[in-house]
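Please open the structure in your viewer and keep the selection tool at hand. The tour below proposes one selection at a time and states what is found at each stop.

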Amino acid sequence: MYLKKYGRITFSAWLNLELGKSSLALTVVCGVLASALCVAVGCLTEQPYRVILELGIGDLVPPVWLFALFRFLAMFTAGCGIGLVLGRREPSCAAEKYRTGMLFLLMAAAELCWFPMLFGACRVFLSVLDIVLAVILAVYVTVGSFRVSGLSGGIFVLHAVWLIYLLIMSISVLLRC
């Protein structure tokens with residue numbers, strides 16, 4: 001309506017339009033579930049300090065508390081992004097949103113496996129392969145979510161940048177060992 005009346009749209013009007021087309025309750029629930037899984041995996045994994053000291057990579061990784069905070073925020077926003085996709089009320093994008101949802105589940109599983117693989121089991125090479133898989137899946141999830149919702153696509157672009165950072169960090173650890 002704003003676009004028809006004035007011929008242009010502001011960011012806040014666009015954001016209201018995007019959020020109005022999706023279920024906000026599902027968005028928040030998906031974000032909370034994704035971040036709860038991230039916290040659970042972090043709690044089940046042994047303390048990463050031991051691995052950081054064993055591998056001598058203290059200068060390659062950020063402080064553990066900061067890294068945990070970023071992991072939590074990344075999973076929360078990714079969960080909210082998939083909630084925006086799955087909660088979309090338009091029937092024309094039903095196939096794309098479910099395909100994106102399935103790819104998100106694979107990406108989230110790969111991303112959640114990366115932390116215990118590197119910091120729990122000290123499997124550096126396998127963690128690099130795992131995060132490469134997560135980055136590839138993140139590209140597909142980003143493309144699929146852009147087809148459904150521009151806001152969720154933007155969220156997944158930021159999440160892909162986070163995964164690329166994890167990939168660079170994993171490769172640095174692999175080269176150091």
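Begin by selecting helix H5 and helix H8, where H5 passes H8 in a left-handed crossing. The structure is a predicted model. Helix H5 covers residues 64–86, and its axis lies 9 Å from that of H8, at an angle of about 145 degrees. Which residues of the two helices make this contact? On the H5 side, select Phe67, Phe70, Arg71, Ala74, Met75, Thr77, Ala78, Gly81, Ile82, Leu84 and Val85. On the H8 side, add Leu151, Ser152, Ile155, Phe156, His159, Trp162, Tyr165, Leu166 and Met169. Colour the residues of this contact of H5 with H8 by class, and they divide into 15 nonpolar, four polar and one charged.

**Second stop: H6 beside H8**

Keep H8 (residues 150–176) selected and add helix H6 (residues 94–119); the two axes come within 12 Å and cross at roughly 30 degrees. Are H6 and H8 roughly parallel or roughly antiparallel to each other? An angle under 35 degrees counts as roughly parallel, and H6 and H8 are therefore roughly parallel to each other. The crossing of H6 and H8 is left-handed. From H6, the contact uses Phe104, Met107, Glu111, Trp114 and Leu118. From H8, select Phe156, His159, Trp162, Leu163, Leu166, Met169, Ser170 and Val173. Sorted by class, the residues of the contact of H6 with H8 comprise 10 nonpolar, two polar and one charged.

**Third stop: H4 against H6**

Now hide H8, keep H6 and select helix H4, which covers residues 48–55. The axes of H4 and H6 come within 9 Å and cross at roughly 55 degrees, and the two helices are therefore oblique to each other. Where do they meet? Pro48, Val51 and Ile52 of H4 are in contact with Phe115, Leu118 and Phe119 of H6. The contact of H4 with H6 has six nonpolar residues, with no polar and no charged residues.

**Fourth stop: glycine 120**

Next, select glycine 120, which is placed in the loop between H6 and H7. Glycine 120 is partly exposed, with a relative accessible area of 23%. Which residues does glycine 120 contact, leaving aside its neighbours within four places in sequence? They are Thr45, Arg50, Val51 and Phe115. Use the distance tool between the C-alpha atoms of glycine 120 and alanine 94: the two are 39 Å apart in space and 26 residues apart in sequence.

**Fifth stop: the salt bridges**

Side chains of opposite charge can pair when their charged atoms come close. The count for this model comes to two salt bridges. Select glutamate 96 and arginine 99, whose side chains meet in a salt bridge with an N to O distance of 3.0 Å. How far apart along the helix are these partners? Arginine 99 and glutamate 96 are three residues apart in helix H6, so about one helical turn separates them. Is glutamate 96 buried or exposed? Residues under 20% relative accessible area count as buried, so glutamate 96, at 13%, counts as buried. Arginine 99 is partly exposed, with a relative accessible area of 47%.

Add arginine 147 to the selection; the side chains of arginine 147 and glutamate 96 meet in a salt bridge at 3.5 Å, N to O. This pair links distant parts of the chain, with arginine 147 in helix H7 (residues 124–148) and glutamate 96 in helix H6, 51 residues apart. Arginine 147 is exposed, with a relative accessible area of 59%. Display the three side chains together: Glu96, Arg99 and Arg147 are linked in a network of salt bridges.

**Last stop: the whole chain**

Finally, show the entire chain as a cartoon. How many helices and strands does the chain have? It has eight helices and zero strands, and its pattern along the sequence reads α-α-α-α-α-α-α-α. The C-alpha trace spans about 65 × 30 × 25 Å along its principal axes. Of the 177 residues in the chain, 43% are buried. Among contacts between residues at least 6 apart in sequence, 79% join residues at least 24 apart.

Conventions
Residues numbered from 1 in each chain as written. Predicted model: local features only at pLDDT ≥ 70, side-chain atom pairs only at ≥ 80, totals over all residues. Heavy atoms only, no water. Axes fitted to C-alpha atoms, helices over the stretch in contact; angles between N-to-C directions. Helix = DSSP H or I, 4+ residues; strand = E, 2+ residues; numbered from the N terminus. Parallel < 35°, antiparallel > 145°, perpendicular 65-115°, else oblique. Left-handed = near helix turned anticlockwise from the far one by under 90°. Contact = heavy atoms within 4.5 Å. Nonpolar A, V, L, I, M, F, W, Y, C, P; charged D, E, K, R; others polar. Salt bridge = Lys/Arg side-chain N within 4 Å of Asp/Glu carboxyl O. Buried < 20%, exposed > 50% of the residue type's maximum accessible area, 1.4 Å probe, protein only.
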